[in-house]
Structures are given as structure tokens and as C-alpha cells.
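Colleague: Hey, have you got a minute to walk me through this protein? I'd like to start with the words you keep using.

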Amino acid sequence: MHCSGGDEKFSGSLHLMGRCAHNCTDKKTLKRKKPIPGKVDDVRASGYLDAMKSSSPPRNKLIKDFSNEVASSENDATYNSWLMKYPSALTAFEKITNYAKGKQIALFLDYDGTLTPIVDDPDSAFISPSMQATVRSVAKYFPTAVISGRSRSKVYELVGVPELYYAGSHGMDIMVPVKHSVSVDGHISYVRSTDQWGKEVNLFQPASEFLSMIDEVFRTLVEMTKEINGAKVENHKFCTSVHYRLVDEKDWTMVAQCVHDVLKDYPCLRLKHGRKVLDIRPVIDWDKGKAVKFLLESLGFSNCNGVLPIFIGDDTTDEDAFKVLREGNRGCGILVSSLPKESNALYSLRDPSEVMGFLNSLVRWKKSLAV
């Protein structure tokens, strides 16, 4: 199935975004503000600490079960009430597949917390052999992409399935096969490259002008947080993440202050809160929602009623994708969470094991249609 027809508004926004990014980096190059020493009141006034706490549920409300954070009571009334609003995608599977009849399902998956459990050390978040086999299987039947906050090369390495489409840095680094292309304002917006298996690919990187800035911020934060026990800074190429999962809560103020002080000097960068992680990214009109729209257009599904996009993710950064799919009943978002929280998703799954169950069910359903 192939549906043609470009999205003029979408292409126009890409062109405007590029101009804004250019202007922003020009200003940064011409004049850089001197660092301003921060105070504890700074991070409180800016809301950093409140946001860090709200995105990180207290540990005394959770228990550990095979490295997954699960609700302390399976029969918790609040959670069951929440399921009325966000039904399990497993329970609603027949409803989802009935809606998908006659359509091409396109799958979009987050990595951490979705394909793998959230772990204390992000370097230890390895995909299980069974999940990897499941992802490889769904890719045989449905166009499947992984959109992660990690660098594209890192998530590509972790998943290890060449049949997928990959987007890193929250969608700011997208890799698609050469045969798929999108023209933005009449210009091909790709960089030709090769993947680790030697295949030619096209890369779309709307934040490429910020590479040196992100690297500079990364190195600065590594130096500033080195005395904070448990803090970890990662360079995801087009964004930088400061993890505080292993930091004692009494030291969260120190983490917040470091980030606050650095961002004062970079007006072209912004902060996004995740699950015990602070993400620093360029101020451009781009997110996972726009990455989903871009990938759909790249695959020939722009303005197409014959496709059902499904995005499965667990973090606040996935809400942009959920919102895009919810608008106009375009597709459905599935939130992975063992705790009740508001979302733009339509359905829910408790943890990565339920994600695997849902994906395997999709494969069985697709096979049954061919019988």
C-alpha cells in the first residue's frame, strides 16, 4: 500500500524551523553570555525541583519486581479506576484490530521502559533475546520504527534489528533507507550515509547546527556534576541527558543547580523532564510527534486513511507522539505505565512484558488474516 500526497504545512514548518535554528546558532556564535553563579533559590523559582519530583514517584510507593517498578498493590482501586480511562491494549486488542482491518499498521516504539525495563544504570538497559525476536518478527509484517531519546547509533546498536527504522535524540536524528525520501520545499533534506551493516541509508538531522553546542554543554556538565554521587551525563548527539536515578534525593538540588546554571548561558537550548532524567535539547520546533509524521511521510503514508499508526512509549517525551496520533483520530498511543498518570494515549500496558505480549498478538493476528 502506498499513499501519495505531500503535507505542505508540514514541509513549510521544517523550512521555518531550519531558519530559526540558523538564526539561533548565529546569535550564540556572535555573543556568549558569561556564566552566572546560581543559587538554590534559582532552581526552586524556575520549578526545576518540583518538576523533578513530579516526574519521579516516591520510592516508598513502589516495590521492585525483576527490575520493573510496579504498583504496590495489584488490586489498587486508583489503578483500576485509571484503567477505565486508559484500557489495557491487551484487553482492548480485538477493538484495536477491528479498527485496523483494511489498514496498514505502522508501529513506533520507544526503547527504555518500553522494549526494556527502566534500570538504574542506562548502560545496562539491554534488550532481552525474546524481545529482540519479537521486534524482528513484527518488522516482517508491519513497518516498524524505534524512536528513542538515546543517540540513534546507540539505540541501533542496542536493538540490533536492521529491518527497523531508527530515530535517535527524540526524533532529531532519523535514519531511513535510500529508497524512501521526503522533499522539503523542493529540496532533498537528507545526508547520505551507511549503516553498520554497510547498507546505504538517508539521515535526516534537523538539529545538525547544534552539534558543537550540545557537545560543549555535555563536557561542561560532566565536569560540573563529577562530585555528585550517582549523577550521570550522557551525550546523545543532538541532546544531552543528566540522569539522577542514583542520586540521593537530598542532592537533587545540586543536580538541578548545575543544569540551571549551564542553561543560563545557552538561550538556544531548553530543558525537558523525563523519568529521573533531565534532557537538554535545542529550541527547535521538533519532537517525537513530528518525527512520527516525518516517518509516515517518508514511508508514503502522508495524508493516508489506509494506515493505522500505533505508538508505544512510557515517558513524558512520548506524549507529543500520542497527541499527534490522537488528533483527528489518526492513530492510537499506548502508554506503558504501572502507575496512574494523565496521558494523551488511548490505551495502556503495564510493563515491557505486556508490550511483548501485545506485539506477539499483532503478529498472530496478521498471520491469521493470511489463512
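Modeller: Sure. Buried means under 20% relative accessible area, exposed means over 50%, and partly exposed is in between. Aspartate 285, at 42% relative accessibility, therefore counts as partly exposed. One caution before we go on: this is a predicted model.

Colleague: Does aspartate 285 pair up with anything, and if so, which residue forms a salt bridge with aspartate 285?

Modeller: Lysine 290 does, with the closest N and O atoms 3.2 Å apart. That lysine 290 is buried, at a relative accessible area of 18%.

Colleague: How many salt bridges are there in the whole structure?

Modeller: A search of the whole structure turns up 12 salt bridges. One of them joins lysine 288 to aspartate 318, at 2.7 Å from N to O. Lysine 288 sits in helix H10 and aspartate 318 in the loop between S15 and H11, so the pair ties together parts that are 30 residues apart in sequence.

Colleague: Are those two buried or exposed?

Modeller: Lysine 288 is buried, with a relative accessible area of 2%. Aspartate 318 is buried too, at 0%. Asp110 also comes in here: salt bridges with shared partners link Asp110, Lys288 and Asp318 into one network.

Colleague: Got another pair for me?

Modeller: Try aspartate 251 and lysine 250, whose side chains meet in a salt bridge at 3.6 Å, N to O. Aspartate 251 is buried, with 16% relative accessible area, whereas lysine 250 counts as exposed at 62%.

Colleague: OK, new topic. Which buried residue has no salt bridge?

Modeller: Glutamate 234 is one: the nearest side chain of opposite charge, arginine 150, is 4.4 Å away. A salt bridge needs the nitrogen within 4 Å of the carboxyl oxygen, so that pair misses out.

Colleague: So what does the side chain of glutamate 234 make a polar contact with?

Modeller: With the side chain of histidine 236, at 3.3 Å. Glutamate 234 itself lies in strand S11, residues 232-235. Leaving out residues up to four places away in sequence, glutamate 234 touches several others, including Pro122, Asp123, Phe218 and His243.

Colleague: Let's zoom out. How many helices and strands are there in the protein?

Modeller: There are 12 helices and 17 strands. The protein has 371 residues, and 53% of them count as buried.

Colleague: And how many residues has the largest nonpolar core?

Modeller: It has 60, and the ones with the most contacts inside that core are Phe108, Ile174, Leu221, Val259 and Leu269. Helix H9, residues 252-263, supplies the largest share of the core, with seven residues. Another core lies apart from it, with 42 residues, among them Ala125, Val155, Tyr347 and Trp365. In soluble globular proteins, nonpolar side chains tend to be buried together.

Colleague: What is leucine 221 in contact with?

Modeller: Setting aside neighbours within four places in sequence, leucine 221 is in contact with Val233, Thr240, Val242, Cys258, Val259, Val262 and Ile280.

Colleague: You mentioned Trp365. Which residues of H12 are buried?

Modeller: Trp365 is one of them, and Pro352, Val355, Phe358, Leu359, Ser361, Leu362 and Val363 are buried in H12 as well. The length of H12 checks out too: at 1.5 Å a residue, its 18 residues should span 26 Å, and the end C-alpha atoms are 26 Å apart.

Colleague: Nice. Which residues other than glycine have a positive phi?

Modeller: Histidine 170 is one, with phi near 60°, and asparagine 329 is another, near 55°. Most residues other than glycine have a negative phi, so that's why I point them out. Histidine 170 is in the loop between strands S5 and S6, and at 5% relative accessibility it counts as buried. Asparagine 329 is in the loop between helix H11 and strand S16, and at 46% it counts as partly exposed.

Colleague: Last one: where is serine 88?

Modeller: Serine 88 is in the loop between helix H4 and helix H5. At 15% relative accessibility, serine 88 counts as buried. Leucine 346 is 258 residues from serine 88 along the chain, yet their C-alpha atoms are separated by 9.3 Å. A polar atom of the serine 88 side chain also lies 3.1 Å from the backbone nitrogen of leucine 90.

Notes:
Residues numbered from 1 in each chain as written. Predicted model: local features only at pLDDT ≥ 70, side-chain atom pairs only at ≥ 80, totals over all residues. Heavy atoms only, no water. Core = buried A, V, L, I, M, F, W, Y, C linked by side-chain atoms within 4.5 Å. Buried < 20%, exposed > 50% of the residue type's maximum accessible area, 1.4 Å probe, protein only. Helix = DSSP H or I, 4+ residues; strand = E, 2+ residues; numbered from the N terminus. Contact = heavy atoms within 4.5 Å. Expected span 1.5 Å × (residues − 1). Lys, Arg positive; Asp, Glu negative; His and termini not counted. Polar contact = N/O pair within 3.5 Å; in protein donor to acceptor, adjacent residues only side chain to side chain.
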